[in-house]
Amino acid sequence: VPKINTVINIAFIGYFVNYKGGDIFIQLSKIKTYKNFKINYHIFGNICENIINIIPNNIIIHNKYDDSTIIDNLHKFNIHGIMHLSIFEESYCYALSKSINSGIPIFYINNGCLPDRLINNSKCFNTNLNNIYDNYNNFLKYIFENELIPTTT
């Protein structure tokens, strides 16, 4: 987990639409702090037209991303966690491959291919809609407790 300077940064990667979890991401973005750190939310991907007008001001929109640079951009923007919140059961999820390859912790809804690909990864946290807020808090706790602390020599 990258060092937390003054803000915790949480990202959504992919087409931002409700069936991919856009509305859930917006609901979770109402959680604006953790342990006195501000939380910023980032969207990397195109946004569905009927959602764009309801995005709160603590969500930073990066628009369409390039597959060849998305991992570098996640690190450039000091992203501490990635969310995959699709209620649509996907069979593969290409954006998930980029998330896994970034090495950044992942918070995901337990359906479709996601649990098959993430279940044995200690940096991945599954949830369902009934426990999403409690599990999101556990995800934030993991990020906070596992941030990269620079060592002095």
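Let me begin with Cys48, which is buried in this predicted model, at a relative accessible area of 15%. Cys124 is buried as well, with a relative accessible area of 12%. How many disulfides does the structure hold? The number is 0. Cys124 does have another role to note: together with Phe44, Ile79 and Cys93, it is among the 16 residues of a nonpolar core.

That core lies apart from the largest one, to which I now turn. As a general point, nonpolar side chains in soluble globular proteins tend to be buried together. The largest nonpolar core here has 30 residues. Which residues have the most contacts inside it? They are Ile10, Phe16, Phe25, Met83, Phe107 and Tyr136. Several elements give two or more residues to this core: strand 1, residues 7-13; helix 1, residues 22-28; strand 3, residues 37-44; strand 6, residues 106-109; and helix 6, residues 132-145. The largest share comes from helix 6, with 6 residues.

Please find Phe107 in the structure, as an example from this core. Neighbours within four places in sequence are left aside in the list that follows. Phe107 is in contact with Leu28, with Ile82, Met83, His84 and Leu85, and with Phe125 and Thr127. Its further contacts are Ile132, Asn135, Tyr136 and Phe139.

Next, consider a residue in strand 3, namely Asn40. Is Asn40 buried or exposed? Asn40 is buried, because its relative accessible area is 13% and the limit for a buried residue is under 20%. Beyond its neighbours within four places in sequence, Asn40 is in contact with Val7, Ile8, Asn9 and Ile10, and also with Asn58 and Ile60.

Let us move to the short strand 2, which spans residues 33-34 and includes Thr33. Thr33 is exposed, with a relative accessible area of 51%. If neighbours within four places are again left aside, Thr33 is in contact with Lys38 and Ile39. Thr33 can also be compared in position with Leu140: the two residues are 107 apart in sequence, and their C-alpha atoms are 9.9 Å apart in space.

Between strand 2 and strand 3 there is a loop, and it holds Lys35. The loop also holds Asn36. For background, most residues other than glycine have a negative phi. Lys35, however, has a positive phi of about 50° although it is not a glycine. Asn36 likewise has a positive phi, near 70°. Asn36 counts as exposed, at 81% relative accessibility.

A positive phi also appears just after helix 4, where Gly103 has a value of about 80°. Helix 4 itself covers residues 94-102, and its buried residues are Ala95, Leu96, Ser97, Lys98, Ser99 and Ser102.

Now to charged side chains. How many salt bridges does a search of the whole structure find? The search finds 1 salt bridge. The side chains that meet in it are those of Lys3 and Glu147, at 3.6 Å from N to O. Why does this pair tie together parts that are 144 residues apart in sequence? The reason is that Lys3 lies in the segment before strand 1, whereas Glu147 lies in the segment after helix 6. As for their surroundings, Lys3 is partly exposed, with a relative accessible area of 32%, while Glu147 is buried, with a relative accessible area of 13%.

On the surface, there is a nonpolar patch of about 510 Å². Which residues make this patch? They are Tyr15, Tyr19, Ile87, Phe88 and Leu129. Of these, Leu129 is placed in the loop between strand 7, residues 124-127, and helix 6.

I close with Asn121, in the loop between helix 5, residues 114-118, and strand 7. Asn121 counts as partly exposed, at 29% relative accessibility. Along the chain, Asn121 and Ile106 are 15 residues apart, and their C-alpha atoms are separated by 9.3 Å.

Conventions:
Residues are numbered from 1 along each chain as its sequence is written. Side-chain values use heavy atoms; hydrogens and water are left out. A nonpolar core is a set of buried Ala, Val, Leu, Ile, Met, Phe, Trp, Tyr and Cys residues joined through side-chain atoms within 4.5 Å. Buried means under 20% relative accessible area, exposed over 50%, partly exposed in between (1.4 Å probe, protein chains only). Helices (H or I, at least four residues) and strands (E, at least two) are DSSP runs, numbered from the N terminus. Contact means heavy atoms within 4.5 Å. A disulfide is a pair of cysteine sulfur atoms within 2.5 Å. Patches are made of residues with over 30% relative accessible area and no salt bridge: like charges are joined within 9 Å, nonpolar side chains (Val, Leu, Ile, Met, Phe, Trp, Tyr) within 5 Å. Accessible areas come from the Shrake-Rupley method with a 1.4 Å probe; for residues, only the protein chains shown count as cover. A salt bridge is a side-chain nitrogen of Lys or Arg within 4 Å of a carboxyl oxygen of Asp or Glu.
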